[in-house]
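Trainee: I would like a close look at one part of this structure, namely the open sheet and the charged side chains around it. Please also say how that part relates to the rest of the chain.

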Amino acid sequence: MAMDVVDFEIKGAEMQFVEVELDPGEAAIGEAGSMMFMDAGIDMDTIFGDGSGQQSGLFGKLLGAGKRLITGESLFTTIFTNQSSGKKRVAFAAPYPGKILPMDLSKLGGRLICQKDSFLCAARGVSLGIALQKKLGTGFFGGEGFIMQKLEGDGLAFVHAGGTVVRRDLKPGETLMIDTGCVVAYTSEVDFDIQYVGKIKTALFGGEGLFLAKVTGPGQVWLQSLPFSRLASRIFAAAPQNRGGGGREEGSLLGGLGAGGLLGSVLGGSDD
């Protein structure tokens, strides 16, 4: 399918959204639940699979949907088509604080590998597939798993990343060590591997995990400062834990004294 050439505008700072401008007959595809608003005259339709496979028959639809299911995404994609005679806009919002990255696939070799939950929206014609890690070690210990998402085509795709984003342009043979969760996307020529941190003490108590991502150029790699998994773990750790019908009172003087007394009793060997 020929790619639609769309104009766009990214708005906001910490919680961004992207407005995509559609000419008559143009369309954009969006991840389920990502739409923020749209102008009257835009037709919204939910399709099976991704937008690139809707003209390829039942088999193409099943294949596209299967790929999305494997990567943990919804079986369905929403396509927004401008059915009016004038320019119309549809907006897609980021799911958590971070940045929206416009990726022109025509300038990236027609293919981009990204983490499974980073895709936000794209121009009609961009294909959403899967990228299998070639090395078993990378798949088992890579943080993002054996399967990542693959965007193909020559149109615009929009990828969301958490926190602050930095792009590194790697020269041939140049290597970068990265926390596995901080890898957002990389071009297809980049070699992606996993490396053990090397020291037992660092692995157990360093807080960085057992493995790091090793990316080697040439190519481009995008990094995020706040992976969603890290954000979710901090929120879960700070949430009150209900144990035995009572909640934990953080900052409570009595709670602190009680915990201190219990700890002193254990350390002192009291049998009371």
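Mentor: What follows goes through the sheet, then the salt bridges, then the aromatic pairs and the nonpolar core.

The model is a predicted one. The chain has 272 residues, of which 40% count as buried. Its secondary structure comes to five helices and 19 strands. Among contacts with a separation of 6 or more, 76% are between residues 24 or more positions apart.

The sheet you ask about is open and has four strands, in the order β1-β2-β7-β4, with antiparallel pairing. Its edges are β1 (7–11) and β4 (35–38). Each of these two has a single partner strand, so one side of each is left without a neighbour in the sheet. From one strand to the next, the twist averages 20°. As background, strands of a sheet pair through backbone hydrogen bonds, either parallel or antiparallel. Here β1 and β2 run antiparallel and are joined by five bridges. One residue to look at is D7, whose bridge partner in β2 is E21.

Now the charged side chains. Side chains of opposite charge can pair when their charged atoms come close. The cut-off for a salt bridge is a side-chain nitrogen of Lys or Arg within 4 Å of a carboxyl oxygen of Asp or Glu, and by this rule the count is nine. One of them joins the side chains of R89 and E19, at 2.6 Å from N to O. R89 lies in strand β7 (residues 88–93) and E19 in strand β2 (residues 17–22), so this salt bridge ties together parts that are 70 residues apart in sequence. The two partners fall in separate accessibility classes: R89 is partly exposed at 23% relative accessibility, whereas E19 is buried with a relative accessible area of 8%.

A further salt bridge is formed by D23 and K87, whose closest N and O atoms are 2.4 Å apart. Both residues sit in loops: D23 between β2 and β3 (27–30), and K87 between β6 (76–82) and β7. This pair links distant parts of the chain, 64 residues apart. D23 counts as partly exposed, at 25% relative accessibility.

These two salt bridges belong to a wider set. Through shared partners, salt bridges join E9, K11, E19, E21, D23, K87 and R89 into one network. E21 is thus a member of this network as well as the bridge partner of D7 in the sheet.

Another salt bridge, between E152 and R111, involves other strands. Its closest N and O atoms are 3.0 Å apart. E152 is in strand β12 (residues 147–152) and R111 in strand β9 (residues 111–114), and the two are 41 residues apart. Both are partly exposed, E152 with a relative accessible area of 25% and R111 at 34% relative accessibility.

Next come the aromatic residues, one of which leads back to the edge strand β1. The whole structure holds four aromatic pairs. Among them is the edge-to-face pair of F8 and F158, with 5.1 Å between centres and 75° between the planes. F8 is in strand β1 and F158 in strand β13, so to speak a link across 150 residues of sequence. F8 is partly exposed at 34% relative accessibility, while F158 is buried with a relative accessible area of 0%. A second pair is Y186 and F192, whose ring centres are 5.2 Å apart with planes at 5°, so this pair is stacked. Y186 is buried at 5% relative accessibility, and F192 is buried as well, with a relative accessible area of 9%.

Strand β13 also leads to the nonpolar core. In soluble globular proteins, nonpolar side chains tend to be buried together. The largest nonpolar core here has 21 residues, and M103, L112, L151 and W222 touch the most other members. At least two residues of this core come from each of β3, β8 (98–104), β9, β10 (119–123), β13 (156–162) and β16 (183–187). β13 gives the largest share, three residues. Apart from neighbours within four places in sequence, M103 is in contact with L108, L112, G155, L156, A157, V159 and W222.

To return to your request: β1 is an edge strand of the open sheet, is joined to β2 by five bridges, and holds F8, the aromatic partner of F158 in β13.

Methods:
Residues are numbered from 1 along each chain as its sequence is written. This is a predicted model: local features need pLDDT of at least 70, side-chain atom pairs count only at pLDDT 80 or more; totals for chains, interfaces and linings use all residues. Side-chain values use heavy atoms; hydrogens and water are left out. Buried means under 20% relative accessible area, exposed over 50%, partly exposed in between (1.4 Å probe, protein chains only). Two strands pair if DSSP finds at least two bridges between them. Axes are lines fitted to C-alpha atoms, for helices over the stretch in contact, and angles run from 0 to 180 degrees between N-to-C directions. A nonpolar core is a set of buried Ala, Val, Leu, Ile, Met, Phe, Trp, Tyr and Cys residues joined through side-chain atoms within 4.5 Å. Contact means heavy atoms within 4.5 Å. Rings of Phe, Tyr and Trp (its six-membered ring) pair if their centres lie within 6.5 Å; planes under 30 degrees apart count as stacked, over 60 as edge-to-face and the rest as tilted.
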